Amino acid sequence: MFFKNFLRNSGYIFLVIVLSFLFQTVCAQEHHPKKAKIDTNDLDESQVPVLVNKIETYNFSIDRNRFLLQREYDVSAIKLALPGLEKKVKGFKTRFEKNSSKMNLRSLNSSVILLAEVSENLSDYKTTLSGYAEQLTKSNAALKKILSDAGLKVEVEDSTLRTQQQEILVEGKRLATEQLKALNNINLLNSRISVAFLQTKNLASDMQYLSISKKISMWSREVAPLFEAKPADYEDPFLQIIGNAFQRSFRIIKIYLAGKISIVVLSLFIFGVLTVWMISNMRRIKKLEDAESILRQVKFLNGKVVIGSLFAFFTYVPFLFGNPTMSLLHLLELLRLLTLCLILPTFLTQQGRLMWFSLCVLWVFYAIDDILLDAAFGERWGLFMAGILLLAICVKIYRSKEGLLKAMESSPATKALSVFTVIQVALSLFFNLTGRLSLAKIFGVSAVECLMLGITLKVFCNIVLEAIYMQTEAYQSSRFSDFINYKSLQHRLQRYLWVLASLVFFISFVRSITLYDLLTTSTANFFYETRSIGSYKFTFASIAIFICIIWLSSVISSFISFFFGHEKAVAGGKRSGLNSMMLLIRLAIWTVGFLIAVAAAGIPIDKLSIMLGALGVGIGFGLQNIVNNLVSGVIIAFERPIQIGDQIEIGTKSGVVKEIGVRSSKIHSAEGSDIIVPNGDLLSQHLINWTMQDRSKRMEFTIGIPYSADVEAVRKLIADKLALNEKVLKLPKPVIIIQDFGEYSIGIRTLIWVADLSVAGEVRTEAMIDVKRALTEAGIELQIRPLS
């Protein structure tokens, strides 16, 4: 019974469960219907184009991102270069950990420079990879939005659209996978670069601290005094240390130049251009009739153009590298010394040749000693003997009256340079004797470097002047040659060259005594430190930029002034309107230069307006005349009442207009003086311009004839005589009139016209002489007042 009731109840329960399951299924289908099928034939006209445009846009975006992934994010070059950089960093680290106690200041400085090059390369790679990662991340995010678009998952009956939908999804997923893979590679490379970069920075920092420590400790005794030193105190022999130094130096040069290919190419290009330019000028000069007399003025470049160009190349190329390693610097100096040995001997006196040979040997010894990593017993005594010899040479140069070079002016800086070298040599000897080997090497190398650099710069400046001289002589008829006229610019160029040479000498001296980094850091801090006056903040760098741009504007303005050639217009007596245009151009250059200087210096516009307001007050009180002259100059440039070459009279002054300036103008008088006339006076006073229309001028003279003479015959005689004079214009024709009936004679006034007023006095004199001669031949004597 129980069993039957259980079966009956179980049947009811099962039936209830089945019915409940069916009810839940129906409800679920109502809430989650199947994806609707869209027949493109039944769609609205606005839905199909939207879907088609979306598919085209997605296709274009996927193709573009794939192209960028294949071409734009190529990191193969970085992958290829990174192992080499990591190897360099590891090598520097190993050598530093092993030989840090033996490294001197030169080797530390070279290592820091090389590490800076590696650090710069790593920083560039890091920036590039970070940019790639950022772009890939953005691109991948945009691609994920495409893949999650519900429009791509809508089922359509059109097979073409359905195929395109599937292709977008497949290609998009594949591209997303490739992007993530590329992003992982980039992040991995970036991590390796970051590690190497940090190692480089830390290693460079350790070397700089060690360098500072050695600079501090080098003032105390490092080794035993010279006369107490013994060979057993030093581990390696002198020759072995030299061999190791050469190997290390060549390796440093190779590493350094590998990262400076662009500068090497640029320097070779400059050398090629300058060499071709000088060879071309030399060939043109040799074709001239006076070639021998011209080349007599050329000393160093006469027959040695290529060698002279090589010498100049090795002189200026170290400065293109900025801060080269000492090994590279010594190599360039050695090459410069070799070229100088090919140029200089013919200009040396007999005594000078011996001293020059000794200086070359000393320079080689000091250069080798400068790159040594370890100290040696032979090095100590070599430094001592080299110092004694260099000291003797400097004393001989100081006492020499005839100088080392013949056929050349002795420089006033020779004695000062020899004294400066003596001081350094004396310090080197003292430090060597007292056991301060680092200081002895530094001052010894600096002494010979300064002396050789002084000779080098003297020859270099002369070569530059000779190259410019050859240009002016090769193109004598060129206007550009007039601009760089050797005779007029020689002293100015010499002054500029010697200022530049002094700057180069100072930088080289600072570098040789290992203070170059301190100089650059101090200079940068001085110029870029923010200072304030009240609420206005500025830096000396901005002021320097402002002054340099204004100076450059003035140089360009002066060049324009010369290029228009107003001197020739004055000399040739020709009227020229170019100066008015030149004045406007110069004003425009000044204005543009001022605005660029303001923008480059970072001067705020509101501060500039305050300054202009203050300037306006100053104008109102004390600058009226200056502003009046400036404005008058602009008016003269537009109105052109006078032009270059005009013969004018203003007040009691007269002459030829030589220059129309911004504030004043120059008038060249007949006496040879230059009269400076403010532009305001040219507009405010009565101005007579004899050449505004043409250069013709009327001249006159009066003669007296006796009452017994036939007046008409005299007039005809004078007219015929003047007609024979070619300098007297036929139109307007000469006018001969009776001036008056005097007490003793009849006055005959003759008016003639000449074509050029510059020869008016000469033509008038010739005409008077011709008239007197003609009247005398006709038997007519000029009547004068009786002496009684």
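1. Start with the big core: the largest nonpolar core has 93 residues, and Leu-344, Trp-356 and Leu-390 touch the most other members. A nonpolar core here is a set of buried Ala, Val, Leu, Ile, Met, Phe, Trp, Tyr and Cys residues joined through side-chain atoms within 4.5 Å. Buried means under 20% relative accessible area, exposed over 50%, and partly exposed in between, with a 1.4 Å probe and protein chains only. Helix α14 (residues 437–474) gives this core its largest share, 23 residues. At least three residues come from each of domain 1 (44–217) and domain 2 (231–511), with bounds taken from an automatic or database domain assignment.

2. A word on the model before going on. It is predicted, so local features need pLDDT of at least 70 and side-chain atom pairs count only at pLDDT 80 or more, while totals for chains, interfaces and linings use all residues. Residues are numbered from 1 along each chain as its sequence is written, and side-chain values use heavy atoms, leaving out hydrogens and water.

3. Now look at Leu-390. Setting aside neighbours within four places in sequence, Leu-390 is in contact (heavy atoms within 4.5 Å) with Leu-359, Leu-362, Tyr-366, Thr-421, Val-425, Ala-447, Val-448 and Leu-451. One of these partners, Thr-421, sits in helix α13 and counts as buried at 0% relative accessibility. With the same neighbours left aside, Thr-421 is in contact with Leu-390, Cys-394, Ala-447 and Leu-451.

4. On to the strands. Helices (H or I, at least four residues) and strands (E, at least two) are DSSP runs, numbered from the N terminus. Seven of the nine residues of β10 (residues 746–754) are buried, so this strand is largely enclosed by the rest of the structure. Strand β8 (residues 697–705) runs antiparallel to β10, joined by nine bridges; two strands pair if DSSP finds at least two bridges between them. Ile-705 has Ile-746 of β10 as its bridge partner. Strand β9 (residues 735–741) is also antiparallel to β10, over six bridges, with Ile-736 partnered by Thr-750. β9 and β10 form a hairpin with four residues between them.

5. There are 18 aromatic pairs in the structure. Rings of Phe, Tyr and Trp (its six-membered ring) pair if their centres lie within 6.5 Å; planes under 30 degrees apart count as stacked, over 60 as edge-to-face and the rest as tilted. Trp-219 and Phe-431 have ring centres 6.0 Å apart and planes at 85°, so they are edge-to-face. This pair links distant parts of the chain, 212 residues apart: Trp-219 is in the loop between α5 (159–217) and α6 (238–258), and Phe-431 is in helix α13 (residues 413–433). Phe-431 is buried, at 8% relative accessible area. Ring pairs also link Trp-219, Phe-430, Phe-431 and Phe-443 into a cluster.

6. Have a look at Phe-300 and Phe-347 too. Their ring centres are 4.8 Å apart with planes at 50°, so this pair is tilted. Phe-300 is buried at 1% relative accessible area, and Phe-347 is buried at 12%.

7. Last, two arginines over rings. A charge sits over a ring if NZ of Lys or CZ of Arg is within 6 Å of the ring centre and within 35 degrees of the ring normal. Arg-495 lies over the face of Tyr-496, 5.9 Å from the ring centre, while the charged end of Arg-511 sits over the ring of Tyr-516, 4.9 Å from its centre.
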